[in-house]
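Look over the sequence and the model below. Then follow the strands one step at a time.

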Amino acid sequence: LEKFTGSYIADDGTRFTFVIKDQKLYAIPPDRKYHLLIRSGTSTWQVFADTTSTFVFSRGNSDHFSAEEYWPVGNHLHWEKYDTAARTDRQLAEYTGAYYCPELDCTYRISLKDHRLSLSNAKYNDSPLTPFGSDHLICEFWWMNHIHILRNSNNRITGFELNGNRIMHLQFIKKAP
């Protein structure tokens, strides 16, 4: 069970934690309520109180785990396990820069101040950004609460997608410095 435990984030920015308690696997959503999971296959688990909700865990490259969640009427979410270790200023600095969205014709800037990332725009006050793993940033702006980082084949940041609430896959391109 240990391999499945940890913190996960979905494509829309929702976060779940999977823990072992009394030798049983539990899912803990943002409401912090424990949901007992029961095994229904090698890597498949169902929510005990609602067996129509299923998690299928898989291992990718370098022991990186992900999960697929399925529930009735074709609903599906992809979850990525993320590292909860703190980031150094050098690691955070790679996110800094200006990001432009051609669809909205607007620019947001990510900057590093006092060991924290922050998001700014000409119209709004700065908002702190909290990293979740290396590819997800959570923001206090309700309309921009989940930022999914986009990278090229060399692992360099090329932009981000805005994913959350009613918006999915709205792309912002990182401008050259």
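Which residue in β16 is the bridge partner of glutamate 161? The partner is glutamine 171. Keep in mind that this is a predicted model.

**The barrel of β9 to β16**

Start with the sheet that holds this pair. Eight strands close into a barrel, in the order β9-β10-β11-β12-β13-β14-β15-β16, and the pairing is antiparallel. Neighbouring strands of this sheet are turned by 30° against each other on average, direction ignored.

Where does this barrel close? Strand β9, residues 97-101, is joined to strand β16, residues 167-174, by 2 bridges. These two strands run antiparallel. Across them, tyrosine 100 has isoleucine 173 of β16 as its bridge partner.

Strand β15 covers residues 157-164 and pairs with β16 over 5 bridges, in the antiparallel sense. On its other pairing, β15 meets strand β14, residues 146-151, again antiparallel and over 5 bridges. Isoleucine 147 is matched there with leucine 162 of β15.

Both pairings of β15 are hairpins. Between β15 and β16 lie 2 residues, and asparagine 165 in that turn has a positive phi of about 50°. Between β14 and β15 lie 5 residues, and asparagine 155 takes a positive phi near 70°.

Elsewhere in this barrel, β11 and strand β12, residues 124-132, pair in the antiparallel sense over 4 bridges. Leucine 119 stands opposite serine 127 in β12.

Here are some of the strand pairs with their bridges.

| Strand pair | Bridges |
|---|---|
| β9 and β16 | 2 bridges |
| β15 and β16 | 5 bridges |
| β14 and β15 | 5 bridges |
| β11 and β12 | 4 bridges |
| β1 and β8 | 4 bridges |

**The nonpolar core**

Is β15 mostly covered or mostly open? It is mostly covered: 7 of its 8 residues are buried. In soluble globular proteins, nonpolar side chains tend to be buried together.

The largest nonpolar core has 20 residues. Ile110, Leu119, Leu129, Leu137, Met144, Phe160 and Phe172 touch the most other members. The elements that give two or more residues to this core are β9, β10 (106-113), β11 (116-121), β13 (136-139), β14, β15 and β16. The largest share, 3 residues, comes from β15. Leu119, then, appears twice in this account: as one of the residues touching the most other core members, and as the residue opposite serine 127.

**The barrel of β1 to β8**

Now turn to the other group of strands. A closed barrel of 8 strands runs β1-β2-β3-β4-β5-β6-β7-β8, with antiparallel pairing. From one strand to the next, the twist averages 30°.

Strand β1, residues 6-10, and strand β8, residues 75-82, run antiparallel and are joined by 4 bridges. Serine 7 has tyrosine 82 of β8 as its bridge partner.

**The largest pocket**

Rolling a probe the size of a water molecule over the atoms shows where empty space is left. The largest pocket has a volume of about 260 Å³. It is lined by 14 residues, and the closest to its centre are His64, Glu80, Lys81, Ser134 and Asp135.

Which strand gives the largest share of this lining? It is β8, with 4 residues. What classes of residue make up the lining? There are 2 nonpolar, 6 polar and 6 charged residues.

Conventions:
Residues are numbered from 1 along each chain as its sequence is written. This is a predicted model: local features need pLDDT of at least 70, side-chain atom pairs count only at pLDDT 80 or more; totals for chains, interfaces and linings use all residues. Side-chain values use heavy atoms; hydrogens and water are left out. Two strands pair if DSSP finds at least two bridges between them. Axes are lines fitted to C-alpha atoms, for helices over the stretch in contact, and angles run from 0 to 180 degrees between N-to-C directions. On a 1 Å grid over the protein atoms alone, a cavity is a set of points where a 1.4 Å probe fits but cannot get out, and a pocket is an open set with protein on both sides within 12 Å along at least five of seven lines; lining residues have an atom within 4 Å of a point. Grid points are joined across faces, edges and corners, and a volume is the space filled by probe spheres set on the points. Ala, Val, Leu, Ile, Met, Phe, Trp, Tyr, Cys and Pro count as nonpolar, Asp, Glu, Lys and Arg as charged, and the others, Gly among them, as polar. Buried means under 20% relative accessible area, exposed over 50%, partly exposed in between (1.4 Å probe, protein chains only). A nonpolar core is a set of buried Ala, Val, Leu, Ile, Met, Phe, Trp, Tyr and Cys residues joined through side-chain atoms within 4.5 Å.
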